[in-house]
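Welcome, and thanks for taking a look at this one. Below is a short briefing to read alongside the viewer, grouped by topic so you can jump to whatever interests you.

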Amino acid sequence: MLADELRSIPLFKNLTDRQRKRAAERLQEVDVDLGAVIARQGDFAYHLFVVREGTAVVTIDGELVTSLGPGSTFGEIGVLDHGVRTANVVAATPMRLLTMTVWDFDELAADLPEFAAHAKTMAQFRLERS
């Protein structure tokens, strides 16, 4: 069950089982081909992503920042700010992702302020590291 899998994802680990189930209901699974641009720096952020399988590389202004593997999340900065992507994310392998729309994220965050606060903390940490 997806809600159980979310226990190991840092963004969702602080939620109760019931809250994780609510989050899981808002996630959709998508497959991504090798080389696909998942997020483009400067584009509006419509989705938050969780890496289920595969690897992606993250660049900012053409500079390699990090790679992302299973359990990693990305896109939370733009989704939280209702803004634009701060980095490019490209599939380095075929990938399976979980995605949540900004609208579903907002609804979940409104119902679960502790989830929103935790997401903001994670986003701030990521911004400080980049």
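**Two arginines, two sheets and a pocket**

Arg85 is found in the loop that lies between helix 3 and strand 7 (88-91). Please keep in mind that this is a predicted model. The tour starts with Arg85, then takes in the sheet with the order 1-8-3-6, Arg26, the sheet with the order 2-7-4-5 and, to finish, the largest pocket.

**Arg85 and its surroundings**

- Arg85 counts as buried because its relative accessible area is 9%, and the cut-off for buried is under 20%.
- Setting aside neighbours within four places in sequence, Arg85 is in contact with Ala39, Arg40, Gln41, Gly42, Asp43, Phe44, Ala45, Tyr46, His47, Phe49 and Gly75.
- If you would like a distance to check in your viewer, try Arg85 and Val32: they are 53 residues apart in sequence and, C-alpha to C-alpha, 18 Å apart in space.

**The sheet with the order 1-8-3-6**

- This open sheet has four strands, and its pairing is antiparallel.
- Its edge strands are strand 1 (28-32) and strand 6, each of which pairs on one side only.
- Strand 1 pairs with strand 8 in the antiparallel sense, over five bridges; in this region, Gln28 has Thr99 of strand 8 as its bridge partner.
- Strand 8 (residues 95-101) also pairs with strand 3 (residues 47-53), again in the antiparallel sense, over six bridges, and Leu48 stands opposite Met100 in strand 8.
- On to strand 6 (residues 73-74): two bridges join strand 6 to strand 3, and the two run antiparallel.
- Phe49, which is also among the contacts of Arg85, stands opposite Phe74 in strand 6.
- Helix 4 (residues 102-111) lies across strand 3 and strand 8, and runs at about 60° to strand 8.

**Arg26**

- Where does Arg26 lie? Look in the loop between helix 2 (17-25) and strand 1.
- Is Arg26 buried or exposed? With a relative accessible area of 12%, Arg26 is buried, because the cut-off is under 20%.
- Not counting residues up to four places away in sequence, Arg26 touches Thr99, Met100, Asp104, Glu107, Leu108 and Asp111.
- Two of these names may look familiar: Thr99 is the bridge partner of Gln28, and Met100 is opposite Leu48.

**The sheet with the order 2-7-4-5**

- Here, too, four strands make an open sheet with antiparallel pairing.
- Strand 2 (37-39) and strand 5 are the edge strands, and each pairs on one side only.
- On average, neighbouring strands of this sheet are turned by 30° against each other, direction ignored.
- Strand 4 and strand 5 pair over five bridges in the antiparallel sense, with Ala56 opposite Leu68 in strand 5.

**The largest pocket**

- How much volume does the largest pocket have? The value is about 480 Å³.
- The lining has 23 residues, of which Val58, Thr66, Leu68, Ile77 and Arg126 are the closest to the pocket centre.
- At least two lining residues come from each of strand 4 (56-60), strand 5 (63-68), helix 3 (76-81) and helix 5 (113-129).
- Which element gives the largest share of the lining? That is helix 5, with five residues.
- By class, the lining is made up of twelve nonpolar, seven polar and four charged residues.
- Leu68 links two of the topics here, as the residue opposite Ala56 and as one of those closest to the centre of the largest pocket.

Conventions: Residues are numbered from 1 along each chain as its sequence is written. This is a predicted model: local features need pLDDT of at least 70, side-chain atom pairs count only at pLDDT 80 or more; totals for chains, interfaces and linings use all residues. Side-chain values use heavy atoms; hydrogens and water are left out. On a 1 Å grid over the protein atoms alone, a cavity is a set of points where a 1.4 Å probe fits but cannot get out, and a pocket is an open set with protein on both sides within 12 Å along at least five of seven lines; lining residues have an atom within 4 Å of a point. Grid points are joined across faces, edges and corners, and a volume is the space filled by probe spheres set on the points. Ala, Val, Leu, Ile, Met, Phe, Trp, Tyr, Cys and Pro count as nonpolar, Asp, Glu, Lys and Arg as charged, and the others, Gly among them, as polar. Two strands pair if DSSP finds at least two bridges between them. Contact means heavy atoms within 4.5 Å. Axes are lines fitted to C-alpha atoms, for helices over the stretch in contact, and angles run from 0 to 180 degrees between N-to-C directions. Buried means under 20% relative accessible area, exposed over 50%, partly exposed in between (1.4 Å probe, protein chains only).
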